[in-house]
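Work through these exercises with the structure open beside you. Try each task before reading its solution.

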Amino acid sequence: MTIVYLDCYAGISGDMTVGALLDLGVPLEHLQAGLAKLPLPPDSYALSTSRTERRHIPALKFDVAVHDHHTHRHYGGIDAMIAASSLTDSVKERARRIFRRLAEAEATVHGVPLEEVHFHEVGAVDSIVDIVGTAICLDYLGVTEVSAAALPLGGGFVETAHGRLPVPAPATAELLHGLAVHGACGDGERVTPTGAAIIAALAAGTGQRPAMRLERIGSGAGGKDFSDCPNILRAFLGTAEEKRGSGDAVVVAETNIDDSTPEVLGYVMERLFEEGALDVFFTPVQMKKNRPATQLSFLCRPEELENLARLVLAETTAIGLRHYPAGRIVLERRVEELQTPLGPVRFKLVSDGGLLLRAAPEYEDCRRIARERGIPCREVMEQVVAWRQAGGEAS
């Protein structure tokens, strides 16, 4: 699997993205040939690249000289134009996905139906070139997965067709929902609507650097100079390495409780699992004044922490929780239902890189069969495991 990681420490825009991808080795002639498949007015734009520096760091600057200044295009017209072109299916799918995310953000901000959205800046020829050009470059490089760093919020104001707007602009802010962001940068528009849409539409994740064998690095220069950092977008191209299991980022949260009943704690465990906790467990601890107590701990995705923490604070006598990030390595897991001689039983299959390591019957199914047939649950589990090992197949 070929991965491109966009290091957006200074931000991201459409032209920076295309510049970084061109710097990875996409020929400008290939980009021009692909864009020529769009039914844009003849001689409406010209493309060029130049080597430059931002705070003494070299990068490639991509520019679009626009000769067609028609800046009002409806989302439906742009989508139909891309769909009707002779671009490859993968290029069309990525470009249309980016424009749809833009249209959805504009529809939300302006309170209009999707089909009524019309673009100003992002409907101009240069933005169409940036978005479709990004898709063309990714296709040329054979990229199968895009990921990105956390995005800087920036600050101050920006002049747009809608007037003077705060940074990030409303549509950009809408596109940032669900993405990792940070405020460790100065003022200025660090993320444009086009840049935000590219990440929102294409990135499999933000904030976490993917594990890969690094092959090339491309650098795309932005049009401005910032005093706090080089205005450059770096694109890291590489291949995902096969590894045992897979890793992800989780949060561990915990609190000590010395004045709650077992019934309440049991109920809280049920509720945490219902609301998305990955694991919940209790540990006996000794607190001040030699009081025996229970440490309630749970694992969750970072985005679920606040909701689960509030649940614990509402349902228990705890007045606070501590939490910290953690990484984990997990094997591949899936559930398969088999029609055994004793009835349907779900098996949890655990594998590593396609190699099946073990298969365990679900306790609840074995418990049900044991009650229905009046035999020990242990015997049910032994029988269905032996049946599967003898060659039992999925229903």
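## Exercise 1: Tyr324 and its surroundings

Leave out residues up to four places away in sequence; the contacts of Tyr324 are then Val250, Val251, Val252 and Glu254. This is a predicted model.

**Task.** Place Tyr324 in its strand, state whether Tyr324 is buried, exposed or partly exposed, and give its C-alpha distance to Ala253.

**Solution.**
1. Start with the element. Tyr324 belongs to strand 17, residues 322-330.
2. Take the relative accessibility, which is 38% for Tyr324. Buried needs under 20% and exposed needs over 50%. Tyr324 therefore counts as partly exposed.
3. Now compare sequence with space. Tyr324 and Ala253 are 71 residues apart in sequence, but their C-alpha atoms are 6.7 Å apart.

## Exercise 2: Two helices that pack

**Task.** Describe how helix 5 and helix 7 pack: angle, axis distance, handedness and residues in contact.

**Solution.**
1. Locate the helices. Helix 5 covers residues 125-141 and helix 7 covers residues 193-202.
2. Read the geometry. The helices pack at an angle of about 35 degrees, and their axes are 11 Å apart. The crossing is right-handed.
3. List the contacts. Helix 5 brings Ser127, Asp130, Ile131, Thr134 and Leu138. These meet Thr194, Ile198 and Leu202 of helix 7.
4. Sort that contact by class. Four residues are nonpolar, three are polar and one is charged.

## Exercise 3: A three-stranded sheet

**Task.** Work out the strand order of the sheet that holds strand 19, and say which strands stand at the edges.

**Solution.**
1. Write down the order. The sheet is open, has three strands in the order 18-19-20, and pairs them antiparallel.
2. Find the edges. Strand 18 (332-340) and strand 20 (355-361) each have a single partner strand, so one side of each lacks a neighbour in the sheet.
3. Note the twist. From one strand to the next, the twist averages 30 degrees.
4. Zoom in on one pair. Strand 19 (residues 343-352) and strand 20 share six bridges in the antiparallel sense. Lys348 has Ala360 in strand 20 as its bridge partner.
5. Add the first helix. Helix 10 (residues 363-373) packs on the sheet and touches strand 19 and strand 20. The direction of helix 10 makes about 155 degrees with that of strand 19.
6. Add the second helix. Helix 11 (residues 377-389) also packs on the sheet, touching strand 18, strand 19 and strand 20. The direction of helix 11 makes about 95 degrees with that of strand 18.

## Exercise 4: Salt bridges

**Task.** Locate the partners of three salt bridges, Glu93 with Arg97, Arg190 with Asp228, and Arg378 with Glu382, and give the accessibility of each partner.

**Solution.**
1. Get the total. The count comes to 21 salt bridges, with a cut-off of 4 Å from nitrogen to oxygen.
2. Take Glu93 and Arg97. Their side chains meet at 2.6 Å, N to O. Both residues lie in helix 4 (residues 89-110), four residues apart, about one turn of the helix. Glu93 is partly exposed at 40% relative accessibility. Arg97 is partly exposed at 32%.
3. Take Arg190 and Asp228. Their N to O distance is 3.0 Å. This pair links distant parts of the chain, 38 residues apart. Arg190 is in the loop between strand 10 (181-182) and helix 7, and Asp228 is in the loop between strand 12 (213-221) and strand 13 (232-239). Arg190 is buried at 4% relative accessibility, whereas Asp228 is partly exposed at 38%.
4. Take Arg378 and Glu382. Their N to O distance is 3.6 Å. They are four residues apart in helix 11, so about one helical turn separates them. Arg378 counts as exposed at 52%, and Glu382 as partly exposed at 46%.
5. Finish with a network. Asp15, Lys61 and Asp63 are joined into one network by salt bridges that share partners.

## Exercise 5: A loop residue

**Task.** Decide whether Thr192 is buried or exposed, and name its contacts beyond four places in sequence.

**Solution.**
1. Place the residue. Thr192 is in the loop between strand 10 and helix 7.
2. Apply the cut-off. Thr192 has a relative accessible area of 18%, so Thr192 is buried.
3. Name the contacts. Beyond four places in sequence, Thr192 is in contact with Ile12, Ser13, Gly14 and Thr172.

Notes. Residues numbered from 1 in each chain as written. Predicted model: local features only at pLDDT ≥ 70, side-chain atom pairs only at ≥ 80, totals over all residues. Heavy atoms only, no water. Axes fitted to C-alpha atoms, helices over the stretch in contact; angles between N-to-C directions. Helix = DSSP H or I, 4+ residues; strand = E, 2+ residues; numbered from the N terminus. Left-handed = near helix turned anticlockwise from the far one by under 90°. Contact = heavy atoms within 4.5 Å. Nonpolar A, V, L, I, M, F, W, Y, C, P; charged D, E, K, R; others polar. Buried < 20%, exposed > 50% of the residue type's maximum accessible area, 1.4 Å probe, protein only. Pairing = 2+ DSSP bridges.
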